[in-house]
Amino acid sequence: MREPAGEPEGPVTQDGLGALLSNVRSLPINLWRSIIRHGAPTSNRTRSQSITNSLFLHIHSARTHRWTLRKSTTLGLGVATGVLFLILLGTGVMLMLFYKPTTAEAYNSIKDIHYVVPGGRLLRNVHRWATNLMIFTVILHMARVFYTAAYKSPREFNWLIGVGLLVLTLALGFTGYCLPWDQLAYWAVVIGTNIAGSTSEVTEALNLDGLQHLAMAPRRILLGSDYIGDAGLLRFYWLHCVALPISMTLFIAIHLWRIRKDGGISRPTDIRPEELIGTPEDELPHEGFSDPNKRYTLSAVVPGSSPHVGLDVENTVLSWPHALKYEMVVTSCILALVLLLAIFFDAPLKEPGNPNVPENPAKAPWYFLGLQEVVSYSAFAGGMAIPALSVIGLALIPYLDRSTRQPGRWSDAKERSRIYQSAVFTLVLCIATIGVQVRFGWLRDWFPDINQIWIILINPGTIVMFAVIAMSVFETFRSRSTRLGAIVFFTGLLVFYGLFTYFGTVHRGPNWDFYWWPSQWPEH
Ligand code: HEM
């Protein structure tokens, strides 16, 4: 017989009230259990469930290979970069509450954040330091991935996504640098937008007047006008606070998802037991992984093998707590470092941006000073051609180097020798070309009437870039190894970027003249 619908009639019984009271008492524990659907993570099963049942933690597999947990495998750089991005998102969203994206109000709103808003100074400092550190860690992370050959199959696409992340990180840094609208920001916008219109240098040099309009289009799109003003600042604001962070979040999600799909962090197939000494081991015994040659398929319904669970399952440990502990250590170190820097060093804020008083020298943020050095010879070469060649070169690495070098281990003696050779060669070439330019001038000083196209093509930046590419092709030819060719290219590019950045930062002063130290700059 069916139960009558609705509440039972009559007075509320003692039992009903008692049950309600007992339910109220156990509400916290029941609420907790409804969210965390298993007991305390004390057994293999509940530890695995802690990972797989959580939206945030299930970017990990339930078990992590012990190779991944060696300190030298990743150096924690990917995690550090991710943590810094989260810090930037958090502090950035709060800064948005106070920042006003108009040329009339931007500077004062930043000043208010710095001097008036409670905690605003710390917030701004943390945001600025996390930006600088993230640019640093993303470059180091890319270098670790490269030197452990972790871009090799099946991770080529993830390397490509990584190159996208590198570009997005730099773009976020630059657009953020422009927002305070102080002298630094204003003149960085001038440099940046001139670069965006630098194709006109080529059309002018070749007398292609009809294409002039087209060449200036990127600058006009970036500024929303022919002049630097409100429309431009709003575009920088939109890029920095909406378009770039959303793209970055999407790219990071794909990046992490791909790491899972590609079978976790890369590792060699011939790991020796002594290489795993010092990595964590499961304290709770597990069963079933007795046959080292057995491949474990995704599930019984999926035939064949899966990169998720390959050979060597017996050398994995539970991600809870081992991988999480490792990530917590990296996160705590990064938080402590950012806080310390933010407490002791203020983010700079100069006078309000003034189009009539050029900042001399007007410098871009440090990570673009290497390019600015080349821009000082030719805007097109430094702002467009060399960055484009570098990004395309980086993106193509996994597709041009198809050698069978195993991923996971750092470079061996042979690879290291090419790293040193390439580094020394590029270093000497950078110093030589810049030295000639500083001491004797360049083509325009020697041949005042020379067509600009020659200076676009031949300047210290293009010479080094061309030499790095040529050296890499030569090495591939000489050693018959695309991996060694890639090493020469990547190392050369890093040294080129590093040395030009150092030079632009330290040795360039007013009028972009050479000075040994900033203390020698003339007073003005
Ligand atoms: C916002 C920037 C980035 C974030 C947050 C990020 C995050 C991560 C994390 C957490 C890992 C796993 C742990 C580790 O390797 O340290 C990883 C691995 C990886 N990353 Fe990135 N990454 C970024 C940029 C890049 C760049 C610029 C590249 C290369 C151009 C790159 C290529 C890779 C590859 C290929 C792997 C797999 C490495 C392996 O299996 O050994 N990532 N990334």
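**Entry 1. The ligand**

I count a residue as near the ligand if its C-beta atom, placed from the backbone, lies within 6 Å of it. The model I am reading is predicted. With that cut-off I found 26 residues around the ligand. The closest are T74, G78, A150, G162 and S266.

I then looked up which elements these residues belong to. Two or more residues of the shell come from each of α5 (77–96), α7 (120–147), α8 (156–178) and α13 (230–261). Which element gives the largest share of the shell? I noted α8, with seven residues. By class, I listed 15 nonpolar residues, 10 polar ones and one charged residue in the shell.

**Entry 2. The whole chain**

I went back to the protein as a whole. I noted 21 helices and two strands. The C-alpha trace spans about 100 × 65 × 45 Å along its principal axes. The protein has 524 residues, and 35% of them count as buried.

I also looked at how far apart in sequence the contacting residues are. Among contacts with a separation of 6 or more, 75% are between residues 24 or more positions apart.

**Entry 3. Confidence**

I checked the pLDDT before going further. The average over the protein is 91, and 92% of the residues score at least 70. In residues 1–10 the pLDDT is below 50, and I found zero contacts in the model for this stretch beyond near neighbours in sequence. Residues 297–304 also have a pLDDT below 50, but this stretch has seven contacts beyond near neighbours in sequence. Where pLDDT is low, the predicted coordinates should not be read in detail. I left both stretches at that.

**Entry 4. Two domains**

The protein is divided into domain 1 (63–266 + 318–359) and domain 2 (368–518). I noted that domain 1 is written as two segments. The centres of the two domains, taken over C-alpha atoms, are separated by 23 Å.

How many residues does each domain bring to the contact? I noted 25 residues from domain 1 and 27 residues from domain 2. On the side of domain 1 that touches domain 2, at least two residues come from each of α7, α8, α9 (183–196) and α10 (199–205). The largest share of that side is from α8, with six residues. I sorted the side of domain 1 by class and got 17 nonpolar, five polar and three charged residues.

I put two notes on α8 together here. This helix gives the largest share of the shell around the ligand, and the largest share of the side of domain 1 that touches domain 2 also comes from α8.

**Entry 5. The core**

I looked up the largest nonpolar core and found 92 residues in it. Those with the most contacts inside this core are L84, A130, A185 and F496. The core draws at least three residues from each of domain 1 and domain 2.

I followed one of these residues, L84. Leaving out residues up to four places away in sequence, L84 touches A130, L133, M134, T137 and I334. A130 is thus a partner of L84, and A130 is also listed among the residues with the most contacts inside the core.

**Entry 6. Cis peptide bonds and positive phi**

Most residues other than glycine have a negative phi, and most peptide bonds are trans. I looked for exceptions.

A cis peptide bond joins S153 and P154, with omega about 5°. I placed P154 in the loop between α7 and α8. Another cis peptide bond joins N360 and P361, where omega is also about 5°. P361 is in the loop between α14 (319–344) and α15 (369–375).

N511 has a phi near 60°, a positive value in a residue other than glycine. This residue lies in the segment after α21 (482–506). W512 also has a phi near 60°, and W512 lies in the segment after α21 as well.

Are N511 and W512 buried, partly exposed or exposed? N511 is exposed, because 9 other C-beta atoms lie within 10 Å and 12 or fewer is the cut-off for exposed. W512 has 16 C-beta neighbours inside 10 Å, so W512 counts as partly exposed.

**Entry 7. G229**

I last looked up G229, in the loop between α12 (217–223) and α13. G229 counts as partly exposed because it has 14 C-beta neighbours inside 10 Å. G229 and L166 are 63 residues apart along the chain, and 28 Å separate their C-alpha atoms.

Notes:
Residues are numbered from 1 along each chain as its sequence is written. This is a predicted model: local features need pLDDT of at least 70, side-chain atom pairs count only at pLDDT 80 or more; totals for chains, interfaces and linings use all residues. Helices (H or I, at least four residues) and strands (E, at least two) are DSSP runs, numbered from the N terminus. Ala, Val, Leu, Ile, Met, Phe, Trp, Tyr, Cys and Pro count as nonpolar, Asp, Glu, Lys and Arg as charged, and the others, Gly among them, as polar. A residue is buried if 20 or more other C-beta atoms lie within 10 Å of its own, exposed if 12 or fewer, and partly exposed in between; C-beta atoms are placed from the backbone. Two residues are in contact if their C-beta atoms, placed from the backbone, lie within 7 Å. A nonpolar core is a set of buried Ala, Val, Leu, Ile, Met, Phe, Trp, Tyr and Cys residues joined through C-beta atoms within 7 Å. Domain bounds come from an automatic or database domain assignment. pLDDT is the predictor's confidence in each residue, from 0 to 100.
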